[in-house]
Amino acid sequence: MATTPLDGQEIMDILGAGEGADNQTSAPSPPKATDRVFNTRSELINGIGDAALKALLDGLQEPTSDMPPVITARERNEVLQKHSVTEDQVTCLVDMVLKKGDRACERFLSLLKDVEPGVCDHSPMIFNLKDWIYSQYKTVQEYNSLPGQDVLMTDRYTDLLIVQQHRQQKEREEEIRFRGVSLFSARDAYQGTTVDQFFSPDDRGEVPKAVILQGHSGHGKSFTAQKIMLDWASGNLYQDRFELILHLRCKELNQVSRETSLVDLVNCSQTFTPLISQKLKDSPKKVLFLIDGFDELRFTMNEINFSSVKDPFTPAPVEATLSALLKGSILLDCFLLVTTRPTAADTLSKLLKRPQRSTETLGFSEKGVEEYFQRFCQDEHIAEKAFSSVKTNHKLFTSCFIPVICWIVCTVFREQLKENSEVTELETTTSIFVDFVSTLLEHHCQHLSQPVPTLLRSLGQLAERGMLEQRVLFEKESVESKISDLATVPFLCKFLQKKTVRKKEMYSFMHLSFQEFFTALYYTFDQNEEKIEELLSTINAYEAKSHLLPVIQFLFGLSNTKVIENLEELELPCVSSIRGQLEEWILHLIEQSKSSEETAVMVFILHCLYELHEEEFVRRAMGDWSKIAFDSIPLTRTDCWALRYCLQCCPNIRSLQLTDSNITAEKLEMLQHELSRCEELRLHVGQLLMLMLMISPQL
């Protein structure tokens, strides 16, 4: 009977993983013989020599007092004749023994202890190391976690959209401008790659020695690094490729002041020092160094003299040791996976040994956003409701490609659900963006060279200029003129644009929505009434198509009382005087709209009032309204949020016209209570029947 090498699923089935094999981070089983063989499979394959292999085959073919032979003569011949390389022969034998179960594995290990004791000595230690790594990496801390409130990695981790190609300037510009589903449709067209393909051969058959995983702040790089460690320890990733994966966090390396060897830097416990030293000495080509957060290093690597670092065992300054590792002057045969923000990717590429592969995480795909909601909410109905709510809010849905925004939205929705089981709306869009800025400043913005208010004002000036000139890409020189240390700023994206004979650095905000937000934030800082008056004058009831409309909506959101409190926590200026200016302006716009045929301006007004979220003023603003006509204006779910809120605040409206407004049963259900107060309601017959059935199901 022919025996073929096992794939990962077959091995997990043999170990009793069953249906749980789909869980990529299942805990290692107690150390039965099958577990020991499986968890040290790659070490066995690479540690058993030709003489030991033949001795193992002889021993396994002999019966014992309590069991028949483990392999037959035919299986022995298959191992030796089907493969010409010893490594392949051992692979075939190990997989053959694994298929035969625990007693066969016990016999195999017993024989191995006699014929190749060195391999056997390290096998239990490898198992213990993986078990230790699993215990350290199986949970994660979220941004608002209290001590002891860790969550399981499997309850949060969602695969990222990772690409290898360098996008062209036109592609980037279009992507930044896309909103909502259009953005995800464009991004899903990219040919993605996965973590397990990082060290696969390229089109020329060349395997990279170093892989760069770049991505913007909050896009999941460190989370992915932790997941790699967990999957390797669980036996689900790189099992045949790497016997050892060692994790270095650059944020922690900054704290090391004494001279230290590489072995000491990566040593998780003194227990594993002999194993790590042996692997680095004897089989560095089977070792992967995972270096997380290169951009966070405080020292400049290009200026470091690493010539004194001769090996991984001799103490040296940490910057010299790390530089020698990256450049390959020590452990030339080992592999590297380094994460960084794009602002430092070019520097890293010049420093790293070759051949290299460059990858980039773009955050979540649309499918990834939905999956994250399901993992976070852990209730299909709640997850579907939350995802549906966000998907119709173009700004929020577009922003949810950033994992940290996705986390903020899910957290807000869950907290609101605790207070009200009938939640139909999230917080205002502005409040979510403020939470995002606050989170990045606290967790992704270390060692700023300028005060936070100064940084945000500079970002705002850059954003405003782009909005006025209708551009989203900025040259390096114009950005550097406003922001002193680009490497530490988490809100800007850097990319290299290939010109005819040179490269050019370009910058952008993460998306146009963030450029709009920072423009509005800048207007609140100096409370420049003339500048705001100039902005507001671009909008009137007869022309509501300006690209500056979102900036004005954000201004109303930044004038909200609760948002102001959050801004004060960041020690940012108050916007009280601007609020009065905005209120006076929108009252005038409402008055204009009464005689205007441009009904689309009404949707904009409702959104401004919703972002402001001040019930008393909304009641005043809509006090003499008696009729709202949205005929032939398609209303999104987000539009219905705003309409619902304004109808709640203003009970005087007696006539509401919603024909040809794309009103679905779901939207009617949202508006049901408010619609029941209208004396005149204009709907299509089908919509009216749906509403009647909601009110009186017995009909």
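## Around glutamate 614

Glutamate 614 is buried, with 16% of its relative area accessible. This is a predicted model, and in it glutamate 614 makes a salt bridge to arginine 579, where the closest N and O atoms sit 3.5 Å apart. Glutamate 614 belongs to the loop between α29 and α30, while arginine 579 is in helix α28 (residues 576-593), so the bridge ties together parts that are 35 residues apart in sequence. Arginine 579 itself is partly exposed, at 21% relative accessible area; the cut-off for buried is under 20%, so arginine 579 misses that class.

Histidine 613 lies in that loop too, between α29 (600-612) and α30 (615-621). Its phi is near 55 degrees, a positive value in a residue other than glycine. As for cover, histidine 613 comes out as partly exposed, with 28% relative accessibility.

## The whole chain

Now for the wider view. The protein has 699 residues, and 55% of them count as buried. Its secondary structure runs to 33 helices and 15 strands. If you take the contacts with a separation of 6 or more, 75% of them are between residues 24 or more positions apart.

On the outside, about 30,400 Å² is exposed, with carbon and sulfur atoms supplying 47% of that area.

## More salt bridges

The structure holds 31 salt bridges. Take glutamate 243 and lysine 279, whose side chains meet at 2.7 Å, N to O. This pair links distant parts of the chain: glutamate 243 is in the loop between α11 (221-233) and β6 (244-249), and lysine 279 is in helix α14 (residues 273-282), 36 residues apart. Are these two partners buried or exposed? Glutamate 243 counts as buried at 3% relative accessibility, and lysine 279 counts as buried at 6%.

Aspartate 346 and lysine 503 form another salt bridge, with 3.5 Å between the closest N and O atoms. Here the partners are 157 residues apart, linking helix α16, home of aspartate 346, to strand β12 (residues 503-509), where lysine 503 sits. The burial is mixed in this case: aspartate 346 is buried at 14% relative accessible area, whereas lysine 503 is exposed at 51%. Exposed starts at over 50%, so lysine 503 falls into that class.

## Backbone oddities

Where does the chain have a cis peptide bond? One such bond joins arginine 354 and proline 355, with omega at about 0 degrees. Proline 355 is placed in the loop between α16 (345-351) and β9 (356-361).

Leucine 331 is a residue other than glycine with a positive phi, in this case near 50 degrees. You'll find leucine 331 in the loop between α15 (318-327) and β8 (335-340). Leucine 331 is buried, with a relative accessible area of 10%.

## A negative patch

Which residues form a negative patch on the surface? They are Glu370, Asp379, Glu380 and Glu384. Aspartate 379 occupies the loop between α17 (366-377) and α18 (380-391). With a relative accessible area of 32%, aspartate 379 is partly exposed. A patch residue needs over 30% relative accessible area, so aspartate 379 clears that cut-off.

Technical notes. Residues numbered from 1 in each chain as written. Predicted model: local features only at pLDDT ≥ 70, side-chain atom pairs only at ≥ 80, totals over all residues. Heavy atoms only, no water. Helix = DSSP H or I, 4+ residues; strand = E, 2+ residues; numbered from the N terminus. Buried < 20%, exposed > 50% of the residue type's maximum accessible area, 1.4 Å probe, protein only. Patch = residues over 30% accessible without salt bridge, like charges linked within 9 Å, V, L, I, M, F, W, Y side chains within 5 Å. Areas by Shrake-Rupley, 256 points an atom, 1.4 Å probe, with all protein chains shown as cover. Salt bridge = Lys/Arg side-chain N within 4 Å of Asp/Glu carboxyl O. Lys, Arg positive; Asp, Glu negative; His and termini not counted. Charge placed at Lys NZ, Arg CZ, Asp CG, Glu CD. Contact = heavy atoms within 4.5 Å.
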